[in-house]
Amino acid sequence: MPEGSASLQLAVGDRVVYPNQGVCRVSAIDVKEVAGQKLTFVTMRREEDGAVVMVPEGKVLSIGVRKVASAEDVEAIFSFLRSDSDKADLDWKQRARTNLDRMTQGGIMGLAEVVKGLQVLSELRPLPTKERELYDNARHLLVTEVAAALGTAEVNAEDAIDIVLFPPGRERPKRTAAEFQREDGDLDLDSDLLGLDSDLDLPSDEEPSEPSEEESSEEGESEEAESSEEGAPKKRGRPPKAKTEAPEGAEPAAPKKRGRPPKPKPEATAEGAEPAAPKKRGRPPKPKPPEAEGAAPAAPKKRGRPPKVKPPEGES
Amino acid sequence: MIRVVTLDPFDDKQLAKFNRTLYTAFGVGSEHSGSAEVPAGMSEPLDAEKLMDEVQGIRSYKDDKVLLLTTRKLKDRELPSGVAPTAGFARQGKDRAILTIAPHKDLESAFKAVTRHALHQLGHLWELHHCLDPRCSMYPPWTPSFAQGEAIFCTFCREKSEQKIRLAKS
């Protein structure tokens, strides 16, 4: 249930916030007959562009429509944004889910949390396109609601927010992945945070894919290796792989190749046997009909209509 | 069309260069459309919001964006969360912005910083918000590194401004 919506009594002229759409004004509440049922509809007009939406009265709460935040709420937003929070979820799936919930059900504080969280994350690395869009949407909704709550211009509301987020005379700090480390020691890092982007050849603005089994097993190995070296200062990026000691005199193992392993080659049946011809791709050729020895080769089949049979001479 | 209206005397060559930079950044025409007078009774530092509302004698078409350029200092704005240093002012999605070159004397001495501020204010007119990228002109303008940057947009802001301009044209 969104905050402040437990007892939502709407009247014509009220300013409300429609989740993910922005500040709207209730323009009418009337009864309409739909499919033989009489339903009370709340008509809202978005202040930004005048778009109209009609919502059945019974659905207003479940959709998450709420009253515009008060000045006290805005003060709470400022103090939250001012706080030196360095909490950012590094698991992109979890982050996307949480941010979606915050945008729809979180109220104005949810919007502020999305903005703050993504801003903190951007201090670690540039945001991917989707999250940059989400940041822009959340910022736009937050700015319009703060402007509506304070009764000021949007640009002043935005500057009021950004004075808190980007204090004058100070540069934004550059963060490292180590700063996001959880208290229990579980880094919960994505592959991209470990500097695997270049290895995997992922476009920078795409969501990182889940690490493959091979990688997870490698990470498992490295974690084990890390645990054995307690007390050593932690380095950034992927930890070095633990070297397996080869027996003396043995040849050093070839470096492990990444990607799909090559298919095993079929072993030769007997020594000296000719290697099998390479398999041709595509449709196999049609089998030729058996030809009699010495027989003349069949004339090539003519295409088109067969010639008319001439009547035998002498007949009338 | 971007129309630059001067509230104080400026060098024509510098204004032409300034317009070329705006044209390059937005891809729409930019020209010096004359000058206007600061309303009587307004003293330095000027109240940006009041000045923008009260300045007279500016002719423009519906989709034009007007940038008022002055050498006089603008008053810092008192906001609920603190004081906002004000080198320029523009209302989101509207048609008028104001920009000062103070504390610099002329355009030439601080051309890069002034054009970056101009892009920022005009970006607000095309409904751009502040950006997270310190290289982008939509980065908050009171940060120390802002004046040193180039007058360019990041990919996201450039695409968004192009989209808004395309929508305004159609």
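**View 1. A:Pro167 in its loop.** In this predicted model, A:Pro167 turns up in the loop that links helix 6 (154–165) and helix 7 (197–200) of chain A. Buried or exposed, where does A:Pro167 fall? Somewhere in between: A:Pro167 has 16 other C-beta atoms within 10 Å, so it counts as partly exposed, given that a buried residue needs 20 or more and an exposed one has 12 or fewer.

**View 2. A:Pro167 and A:Arg82.** Here's a pair to look at across the sequence: A:Pro167 and A:Arg82 sit 85 residues apart along the chain. In space, their C-alpha atoms are separated by 9.2 Å.

**View 3. The hairpin of strands 3 and 4.** Strand 3 (residues 37–46) and strand 4 (residues 52–56) of chain A run antiparallel, and 5 bridges hold the pairing on record between them. Want one to pick out? A:Thr43 has A:Met54, in strand 4 of chain A, as its bridge partner. The two strands make a hairpin with 5 residues between them. Check A:Gly50 in that turn: its phi is positive, at about 80 degrees.

**View 4. Chain A, for orientation.** Zooming back out, chain A carries 8 helices and 5 strands. Follow the sequence and the order goes β-β-β-β-α-β-α-α-α-α-α-α-α. Of its 316 residues, 20% count as buried. As for contacts in chain A with a separation of 6 or more, 54% come from residues 24 or more positions apart.

Notes. Residues numbered from 1 in each chain as written. Chains lettered and ligands numbered in written order. Predicted model: local features only at pLDDT ≥ 70, side-chain atom pairs only at ≥ 80, totals over all residues. Helix = DSSP H or I, 4+ residues; strand = E, 2+ residues; numbered from the N terminus. Pairing = 2+ DSSP bridges. Contact = placed C-beta atoms within 7 Å.
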